[in-house]
Amino acid sequence: MIENDLFLRACRREPVERIPVWYMRQAGRYQPDYREVRKKYSLIEICEHPEVCAQVTLSPVQQLGVDAAILFSDIMVPIGAMGLAFDIQKDHGPVIEQPLRQANDIERLKPIDPESDLPYVFETIKILTRELKVPLIGFSGAPFTLASYMIEGGPSRDYLRTKALMYGEPKLWYMLMDRLGDMVITYLRAQVQAGASAIQIFDSWVGSLAPDDYAEYVLPTMQRIFTQLSDLHVPRIYFGVTTGELLTTFVKTGADVFGVDWRVPIRSARARVGRNVAIQGNLDPAVLFAPWAEVQRRAEAIIDMGIEQPGFIFNLGHGVFPATSVEQLQRLTSFVHTYSERALRG
Ligand code: CP3
């Protein structure tokens, strides 16, 4: 039962008495208890054990006092169900055994049947919706970002093979976008049906594209995804890194909330996306390594801009780094609450 719906109200641009806050990667290696769990289970094994996965998801909510939980999983989880084997390597990221190289590899990708392919995901969500007093955010990777791993075979700096396919073989590219788009729609719909109260689509690496290329090669798929998920009536969040120049085009996706990183000030982000959507962000997670006074100064500046209009959710601009101190995040969370509550009372 949700007792604290601040996050959902902020997503809908309704009035709030304080600014809601949660963090990308709020469950992870910066937590001693997560490191303990990881001694016994790999990342994927955590996901496959609903009781363990639910506890990992709950732990930052209890420890930090954040206003939303995010399902513990990884963007690669449904890619396995499409028939592409992957591994997540320590301090590196996802690695695909046989990256997509030709038409045949893309044609072979299977549509997913969420409940039978990934039953543990929905079992975890069901446990969480019973236990949580804050909303649960379900998530998926976005087609471009997933395609970048599937084509490159792992993390990449320049996305050369991805862009070679996109620019050089657009028919194949759109086939891949279609398959991934179908997967994202099916997967997120099933997460909401199991109990997720909001969804976030991580397009972490799409900021590597020029706006015109984004509009041509990615936007149609994102429009289709957000349109087809609109009947779920849950907030739909779209996040990417270095997307400042893409924001005006992002609005056309139809998402309800846009997540931005620290490279674009909240006020500029708002000016670019307009008044009909909410904004989420955007403290540089590296700032958490500075003394508290500096963290506070920067959090204040973000909140001051955030409260200028309804529809603001405090977050980091990207995920929590593994070396972050738990105390610093606890302090930040309660600071966002107390400072914004005072500021909103005026
Ligand atoms: O608390 C949460 O945010 C929920 C869990 C979550 C994970 N991955 C767990 C995880 C979420 C939302 C993700 C999304 C994800 N995974 C993204 C999009 C968000 C982003 O950070 O841009 C991407 C690009 C991935 C792919 C991925 N998985 C990377 C780049 C890495 C990091 C590699 C490393 O070791 O630093 C992973 C591994 C991963 N996924 C960890 C966690 C907590 C690292 C810890 C571990 O291996 O136990």
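In this predicted model, the stretch of residues 20–29 contains 0% helix and 0% strand, and its end C-alpha atoms are 23 Å apart. A second stretch, residues 137–153, has end C-alpha atoms lying 28 Å apart and is 59% helix and 29% strand. The two stretches are linked by a record: an unreviewed UniProt entry assigns both to the annotation "domain: Uroporphyrinogen decarboxylase (URO-D)".

The UniProt record also offers a list of individual positions. Under the feature "binding site", the unreviewed entry places Arg25, Gln26, Ala27, Gly28, Arg29, Asp74, Tyr149, Ser204 and His318. These positions are spread over 294 residues of sequence, and in space they are spread as well, with up to 22.8 Å between C-alpha atoms.

The ligand itself may be considered next. Which residues are closest to the ligand? Among the 23 residues that surround it, the closest are Ala27, Gly28, Gly93, Phe202 and Ser204. By class, this shell consists of 10 nonpolar, 7 polar and 6 charged residues.

Tyr149, one of the positions in the "binding site" feature, belongs to helix α9. Helix α9, formed by residues 143–152, packs against helix α11, formed by residues 170–194. Their axes are 9 Å apart and make an angle of about 120 degrees, and the crossing is right-handed. On the α9 side of this contact are Pro143, Leu146 and Ala147; on the α11 side are Leu176, Met177, Leu180, Gly181 and Val184. The contact comprises 7 nonpolar residues, 1 polar residue and no charged residues.

The strands deserve separate attention. In general, strands of a sheet pair through backbone hydrogen bonds, in either a parallel or an antiparallel manner. Here, 7 strands make up an open sheet with parallel pairing, in the order β1-β4-β5-β6-β7-β8-β9. The edge strands, β1 (69–70) and β9 (312–316), each pair on one side only. Within the sheet, strand β6 (residues 236–239) pairs with strand β7 (residues 257–259) in the parallel sense over 3 bridges. One bridge can be followed in the structure: Phe239 has Gly259 in β7 as its bridge partner.

Two details of the backbone complete the tour. As a general rule, most residues other than glycine have a negative phi, and most peptide bonds are trans. Where does the backbone show a positive phi in a residue that is not a glycine? His233 has such a phi, of about 55 degrees, and it is located in the loop between α13 (219–228) and β6. The second detail concerns a peptide bond: the one joining Gly281 and Asn282 is cis, with an omega of about -10 degrees. Asn282 is part of strand β8, which covers residues 278–283, and β8 stands between β7 and β9 in the order of the sheet.

Notes:
Residues are numbered from 1 along each chain as its sequence is written. This is a predicted model: local features need pLDDT of at least 70, side-chain atom pairs count only at pLDDT 80 or more; totals for chains, interfaces and linings use all residues. A residue is near a molecule or strand if its C-beta atom, placed from the backbone, lies within 6 Å of it. Ala, Val, Leu, Ile, Met, Phe, Trp, Tyr, Cys and Pro count as nonpolar, Asp, Glu, Lys and Arg as charged, and the others, Gly among them, as polar. Two strands pair if DSSP finds at least two bridges between them. Helices (H or I, at least four residues) and strands (E, at least two) are DSSP runs, numbered from the N terminus. UniProt positions are given in the numbering used here, feature names are shortened, and annotations may be inferred rather than shown by experiment. Axes are lines fitted to C-alpha atoms, for helices over the stretch in contact, and angles run from 0 to 180 degrees between N-to-C directions. A crossing is left-handed if the near helix is turned anticlockwise from the far one by less than a right angle, and right-handed if clockwise. Two residues are in contact if their C-beta atoms, placed from the backbone, lie within 7 Å.
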